[in-house]
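Please open the model in your viewer, with the backbone drawn as a cartoon and side chains ready to be switched on. The tour proceeds by selection, and each stop says what to pick and what is found there.

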Amino acid sequence: MALKSTVYKANLSIADIDHNYYADHNLTLARHPSETDDRMMIRLVALAINAWQLQDLCNGDGTLGFGIGLSDPDDPDVHITDYTGQKRLWIEVGQPEEKPITKACNKSDNVIVYPFNHAANVWWKGLEGKVNRQSKLQVHYIPSEVAQELGNLAERSMQLQATIQEGQLTLSSDKGTVFVEPERWK
């Protein structure tokens, strides 16, 4: 018998001072049985950091949400899709191989990868030369210690406040506060 995903609910209030974006998002996250709390929370952070692009890429006439996730490798972890169904922003969390990154760049206007594992440097050194020509691609590293701190905030029902100022995200809940400042590698 296959294990089912665990459903998490998050009320996320975003105050993105850098991009003048202020909104509340009621989110449902399905955590695949093989997904860690750390990875799930990185998906949520990626959504918060890029939510402002909903207005920028689609003039507010699109959707911001989570993809199917680990159960479908052809679907992004987080996406912004315009009203025609075109993926305007494709976000992957973790350390995807060259082929899925290239496929994402062919299907979307913009692609961002958020590696967070302690071995991410090794992954990037092996991949950098292969994907350097992908002009649509950005890579932003989140340290594994920060990912672990984010995982500690995970609850089945979460009330979260995300403040983004000068490139740093502050994510707070009643369980604590985590500071996230992704390091741009590409």
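The stops below go through a predicted model, beginning with a sheet and its helices and then turning to aromatic rings and a loop.

**The five-stranded sheet**

Begin by selecting β1, β2, β8, β9 and β10, which form an open sheet in the order β2-β1-β8-β9-β10, with mixed pairing. At the edges stand β2 (21-31) and β10 (176-180); each has a single partner strand, so one side of each is left without a neighbour in the sheet. If you look along the sheet, the twist from one strand to the next averages 20°.

Now keep β1 (residues 6-16) and β2 in view: the two strands run antiparallel and are joined by eleven bridges. To find one of these positions, select Ala10, whose bridge partner in β2 is Leu27.

**Two helices against the strands**

Add helix α1 (residues 37-50), which packs on the sheet and touches β1, β2, β8 (157-165), β9 (168-173) and β10, while its direction makes about 155° with that of β2. Next bring in helix α5 (residues 144-152), which lies across β9 and β10 and runs at about 150° to β10.

Before leaving this part of the model, show the side chains of Tyr8 and Arg156: Arg156 lies over the face of Tyr8, at 5.8 Å from the ring centre.

**Strand β7 and its partners**

Select β7 next, and switch on a surface for the remainder of the chain. Four of the five residues of β7 are buried, so the strand is largely enclosed by the rest of the structure. Which strands can be found beside β7? One is β6 (residues 108-114), which runs parallel to β7 and is joined to it by three bridges; here the bridge partner of Ile112 is Gln138 in β7. Another is β11, which runs antiparallel to β7 and is joined to it by two bridges, with Glu183 in β11 as the bridge partner of Tyr141.

With β6 and β7 still selected, add helix α4 (residues 120-131), and the three elements can be followed as a right-handed β-α-β unit.

**The aromatic rings**

A search of the whole structure finds three aromatic pairs. For one of them, show Trp123 and Trp124, whose pair is tilted, at 5.7 Å centre to centre and with 40° between the planes. Both Trp123 and Trp124 are buried.

Then show Tyr141 and Trp185, whose ring centres are 4.7 Å apart and whose planes meet at 10°, so the pair is stacked. This pair links distant parts of the chain, since Tyr141 belongs to strand β7 (residues 137-141) and Trp185 to the segment after β11 (183-184), 44 residues apart. Are these two rings buried or exposed? Tyr141 has a relative accessible area of 11% and is therefore buried; Trp185, at 17%, is also buried. Display all of these side chains together, and you can trace how ring pairs link Trp123, Trp124, Tyr141 and Trp185 into a cluster.

**A loop glycine**

For the last stop, select Gly85, which lies in the loop between β4 (78-82) and β5 (87-93). Gly85 has a relative accessible area of 46% and is therefore partly exposed. To place this loop in relation to the rest of the model, select His25 as well: the C-alpha atoms of Gly85 and His25 are separated by 21 Å, and the two residues are 60 residues apart along the chain.

Technical notes. Residues numbered from 1 in each chain as written. Predicted model: local features only at pLDDT ≥ 70, side-chain atom pairs only at ≥ 80, totals over all residues. Heavy atoms only, no water. Phe/Tyr/Trp six-rings, centres within 6.5 Å; stacked < 30°, edge-to-face > 60°. Buried < 20%, exposed > 50% of the residue type's maximum accessible area, 1.4 Å probe, protein only. Lys NZ or Arg CZ within 6 Å of the ring centre and 35° of its normal. Pairing = 2+ DSSP bridges. Axes fitted to C-alpha atoms, helices over the stretch in contact; angles between N-to-C directions. Contact = heavy atoms within 4.5 Å. Right-handed = clockwise from strand over helix to strand, strands pointing away.
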